[in-house]
Each structure stands twice: as structure tokens, then as C-alpha cells.
Amino acid sequence: MRSLLAVLTVVAAIVVLWYAACAPMNIKGVLTELERGGAQVVPEGAPARRDMSAFGLVAGNSFAIPATWAQERPRLPAPHQVVTELWNTTVMKKITSKRSLVYHGWVTLSATLLGFAIGTGLGILLAVGIVHSRVMDMSVMPWAIVSQTIPIIALAPMIIVVLYSVGVQGILPKAIISAYLSFFPVVVGMVKGLRSPDAMQLDLLKTYNANTNQGFWKLRLPASMPYLFASLKIGIAASLVGAIVGELPTGAVAGLGARLLAGSYYGQTVQIWSALFGAAILAGLLVGLLGLIERATLKRMGMS
Amino acid sequence: MTLVVLAFVLWAFGIWVNMRLASGPAARTRAGKLAVPVIFGVTILVMWELLVRGLGVSMVILPAPTLIAARFATSLPTLWADFAQTFVKGALSGYVMGCGAAVLTAVLIDRSDFLRRGLLPVGNFVAALPIVGTAPILVMWFGFDWQSKAAVVVVMVFFPMLVNTVAGLTQTSAMQRDLMRTYAAGYWQSFFKLRLPAAMPFIFNGLKISSTLALIGAIVAEFFGSPTLGMGFRISTSVGQLSLDMVWAEIVVAALAGTAFYGAVAMIEKAVTFWHPSQRS
């Protein structure tokens, strides 16, 4: 309860800071607009204001502060502008509309989920292989670890273009990038998890005369669950980033990444921010959902 | 056709050698542990080369490793300029600023229990978000040059670093803190002599996570606009010109830079946290 209060305080402080930051960020554009509308601003003329500090301008033109929160294309949109845009593009629009954020979110989400499923499935399979085969462990595992230090996302534009040139397009190229990004965290986490039973537990199974197969299903797999869920949470966040970045280089027309890109081309800052918050909410929901599944699973298994 | 057959023969041979090595006595030695992954990597490279040549795969889809190496060797000046722009100016400066700011913030937060309990969940939440998406905004604010890339990196590394440092600063036990009190140590004395060293494994964990994020941030930010220089710029324009050997050469640079960066941080970690059980094996 006290934590909740603390979190709310921090969030409130962030919102207040955000509103405060809007004034100096947007003041120059606002003053130009107001002057054009016939208002009296200090000092007059845009060239005179160009080299002045933003804070000085805010102090000299305090009447203009409310206007900095209501610009059409602000450098930094105010929180309520972003929330209004989010509301307008999610709830107020039909979800089939090209301007609906739900539609764009779904495009990105479907690629994310497909990629996540592929990446996790292959990752778990490889981890099982690594745990059971010494050759695979020794030859693949070092590369899996090294690959985590490489900015794999640099491959994204190439994967998309190459797949496009061989005739694969639509959801699959993005899903492949997502899969690639979620693959290695799952492999590394799952190998750790499958190896987490200690010698005592493995010996106990041996005294029960359990074979490798039984040892896997009855001990290793259950013991790996906490590790699996921890890496799944990392993996799904990485998948979402992969799907968003995968939409950038081809100039995709739909998806959250495409909204970001279009917004940055046309200077629609409110659109960028709302797409960003849409992506954040999506990520939060996905990670939260996995957290719920984790809680329920571990509780049923008696591990939490 | 013979090249394709040769590729599979080589593949079988590589697996056979590795199996022998892994099940033999050599697997325990340091050389054996190094040889197996190297053989695996070389086998894949050679197979790649043979398959691309044997099947006549177009350059536009997948260039052969030798072509990539040739391109790498001939365009060293370009690659170096891109590396300096993206890695040194963008990623490294942002990394230093972001991690420094996060550690300072963590130290400030640490004095207030209320702030810590408020910021930690928020920080954890933000650390899981696709922060790369702030790139277009920051490019708009800070211009196309390296400043915007450094800004993206700062935003990306800040929260993972903050969460790790705050968690690390709570790692001392009541007994240890009491001991410092019996020594009549002040806040800063017990901070520098006890709590900061105890937090080091966590801080380095954050630094390692951030080292990967920094390079990703700097490269992706360049997709939103950059001067005609930089790894992300080169990748996106070379993809557009379908000169994939250049893209691969750039990816090799990114991989080398990422691995070296991570390795450097890990080495410093080894020197600083030599007392930690995970380093003493």
C-alpha cells in the first residue's frame, strides 16, 4: 500500500516535470504563432528571439505558457495531448480504420507473437539439445553467449530486403526478426534452468532408477520454469522491439514502427508520442500477462 | 554441384571431429574447449561459402564470406569513419553519460526509502519498454549528428542501470552495516568502503546489459536520420543499393565492436569484483 503511494507520487512528479518542460521546449514556436496572430510578445520579431534562452523567453512571456500545452505540432506535446490522441485513435476510431492505433498495434502485435512463438519454440528445443548433447553444448553455447553482445538488430533491414527479393513479404520478415531477437535470451535462460537441479536431486533420481527421459520431464523441465519465465519476459520485450524496428527500413505502411516513421517524416509529434505510448502499453500488457501466467504456473507447481 | 556435395561432406567431417573432441580427454583442456566452437564456426563459414558458390546464390541475397572479407579489406577507411561516428561519438559518449547519470541518481535515491520504493517499480517497467522508439523524437530535438544518437543511448541505458544500481546498494547485510557503525563510520565512509563495493556486481551487470543496448540504440537511431556517415546509415543505404557485401562488412564491424565492448566491461568487472564468488571459480 505504501509502495503504491510512492509509485503514484513518482508518476505524478514525472507528469508535473513533463508539463514544466513543455513551456521552454515549445515557447519559440508558440511566440511566433502568437505574434503572427497579433499578440504583444517580448522581444518582437523571430530573429531577435532566436538566440535567447528558452527560459528567459518563458519568464518574459508568462501569458503564453498555456499555449505551449495546446500547440498543433509541438516539439514536446503535453501529456493530455498525447492521452487525447491515444483516446481518439483507439476508442473513437473504428478498429479497421487506417488511422486507428488498434489496427496498427495489431499489425505489430501479430508479427511479435508469431516471431515470439517461433523464437521461443526453437530456443527451447536448442536448449534441450545443448543440455543433452555435449557436442552441441561445446560448439553452440559459446556462440549463443557471444551473439548476445552483438547488436543483432543491425541485421533487420537486410533480412527484410533479402526476404522481399525472394518473394516473402508481409508478416513473416518482421516475425523472423522478432524470433531472432527472442531466440538467444530463451536459449541461454533455458540452458541455465535445465541445469539448475543440483547433484543431490539428480542422484536421487538415479537411485529411483529413472532414465534420462524421466529425469527430463520430472525434474529438469519443472525446475527450469522460473528461468524460462524470466527469459520469456525479456524475449517478448525484445520481440516487440524487433517487430517495430523491422517496420522501419522498408517504409511499411502499417504498424507502430510505421506510425513512428511517418510521424517523424511529417513532423507529427503527437502521433509519434502516441505511437510510442501505444508500444509501451503493449509491451507492459505483454510482460504483465506473462507475469500473471508465471505466477499461476509457479503457484500450481508449488514453487512460489 | 560438386561444391554442394563437398559442403555436406565437410559438414559431416566437422561434426565428426567435434564429436571426437567433445567425448575424448581433450574436452577437459582449455585448448579443447576453445577448439570445438572454433571448428563449429569455421565449418559454418566454409559451408556458407561452398553453398553460395555451388548453388549460384545471387549476391543480392547472400554474398559469400570471401566477398565480404574482400569488401571489408578494401573499404577499411569508410568502415573506420562509420565506426568512429556511431560507436565512439554516439554509443560511447551516450553510454558514459547515461550510466554516470543513472549511478548518481541511484545514489541520491538511495537516501530516501520512499523514493526508492516509488522509483524502482517505475524503473523496472520503463526498462522493459521499447525505448528505441524515442529515437525519432530525439533525432528531431538534437539534430542529425551524433548528439541525437548519444541522447537515444542515454535514455536507453539509464533505466536498466538505475534499477541495477539501486538493487546493488541494498546488498549489504544489517550485520555489516552495524559493523561500520561500531567503527563510527559516517554515511559517506560506509558508502565508499562498504556499500559501493558490495554493489559492484550489480553495477557491472547493469554496465554489461547497457553495453549491448548502447550499440543497438546508436545504430537504430541512425535509421531515423543521420549525416552521410555512420553504421546505421551505411547499413540502410547499402541495403537500398543492394550492395549486401557492404552491409555484411558493417555487421562484422558491429559484431566486433559489440563483443569487444562487452569483453572490456567484463574484464574490468573481473578486476574490480575479484572477491565475488562468481569470479573466484
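Start by selecting helix H6 of chain B, residues 135–142, where the buried residues are Ala135(B), Pro136(B), Ile137(B), Leu138(B) and Val139(B). Keep in mind throughout that this is a predicted model.

**Around H6 of chain B**

Now show what covers those buried residues. The cover comes from both chains: it includes helix H12 (256–266) and helix H13 (269–300) of chain A, and helix H7 (146–169) and helix H9 (187–222) of chain B. Step just past the end of H6(B) to Gly143(B), which has a positive phi of about 85°.

Widen the selection to residues 122–144 of chain B. The C-alpha atoms at the two ends of this span are 30 Å apart, and the span is 61% helix and 0% strand. It is one of the stretches that an unreviewed UniProt entry annotates as "transmembrane region"; the others in chain B are 32–52, 59–80, 92–110, 150–170, 202–226 and 246–268. Select 92–110 of chain B next: this span is 100% helix and 0% strand, with its end C-alpha atoms 27 Å apart.

**Chain B as a whole**

Colour chain B by secondary structure. It has 11 helices and 0 strands. The C-alpha trace spans about 80 × 55 × 30 Å along its principal axes. The radius of gyration of chain B is 24 Å, where a compact globule of 281 residues would have one near 19 Å. Buried residues make up 42% of the 281 in this chain. Of the contacts in chain B between residues at least 6 apart in sequence, 76% join residues at least 24 apart.

Colour next by domain. In chain B, domain 1 is 2–57 and domain 2 is 72–279, and their C-alpha centres lie 35 Å apart. UniProt, again in an unreviewed entry, places "domain: ABC transmembrane type-1" at residues 101–272 of chain B. That span is 82% helix and 0% strand, and 21 Å separate its end C-alpha atoms.

**H8 of chain A**

Move to chain A and select helix H8, residues 156–165. How many of its 10 residues are buried? The count is 7, and the helix is mostly covered. The buried ones are Ala156(A), Pro157(A), Met158(A), Ile159(A), Ile160(A), Val161(A) and Val162(A). Their cover, too, draws on both chains, and includes helix H9 (171–194) and helix H11 (212–247) of chain A with helix H10 (231–240) and helix H11 (244–272) of chain B. After H8(A) comes Gly167(A), with a positive phi near 95°.

**Where the chains touch**

Select the contact between the chains: 45 residues belong to chain A and 48 residues to chain B. On the chain A side, helix H1 (2–36), helix H7 (134–147), H8, H11, H12 and H13 each supply at least two residues. Which helix gives the most to that side? Select H7(A), with 8 residues. By residue class, the chain A side divides into 34 nonpolar, 9 polar and 2 charged.

**The nonpolar cores**

The largest nonpolar core has 137 residues, and Leu240(A), Val153(B), Val157(B) and Leu215(B) have the most contacts inside it. H7(B) gives the most to this core, with 15 residues. Centre the view on Val153(B). Beyond its neighbours within four places in sequence, Val153(B) is in contact with Gly90(B), Ala91(B), Gly94(B), Tyr95(B), Gly98(B), Ala214(B), Gly217(B) and Ala218(B). Another core, of 11 residues, lies apart from the largest one; among its members are Val41(A), Leu57(A), Ala67(A) and Leu76(A).

**Domain 1 of chain A**

For the last stop, colour chain A by domain: domain 1 covers 2–76 and domain 2 covers 101–300. The centres of these domains, taken over C-alpha atoms, are separated by 41 Å. Then select Ala70(A), in the loop between helix H4 (65–68) and helix H5 (79–90) of chain A. Why does Ala70(A) count as partly exposed? Because Ala70(A) has 14 C-beta neighbours inside 10 Å, whereas 20 or more would make a residue buried and 12 or fewer exposed. Finally, draw a distance from Ala70(A) to His80(A): they are 10 residues apart in sequence, and their C-alpha atoms are 9.1 Å apart in space.

Key:
Residues are numbered from 1 along each chain as its sequence is written. Chains are lettered from A and ligands numbered from 1 in the order in which they are written. This is a predicted model: local features need pLDDT of at least 70, side-chain atom pairs count only at pLDDT 80 or more; totals for chains, interfaces and linings use all residues. Helices (H or I, at least four residues) and strands (E, at least two) are DSSP runs, numbered from the N terminus. Two residues are in contact if their C-beta atoms, placed from the backbone, lie within 7 Å. Domain bounds come from an automatic or database domain assignment. UniProt positions are given in the numbering used here, feature names are shortened, and annotations may be inferred rather than shown by experiment. The radius of gyration is taken over C-alpha atoms; the globule rule is 2.2 Å times the number of residues to the power 0.38. Ala, Val, Leu, Ile, Met, Phe, Trp, Tyr, Cys and Pro count as nonpolar, Asp, Glu, Lys and Arg as charged, and the others, Gly among them, as polar. A nonpolar core is a set of buried Ala, Val, Leu, Ile, Met, Phe, Trp, Tyr and Cys residues joined through C-beta atoms within 7 Å.
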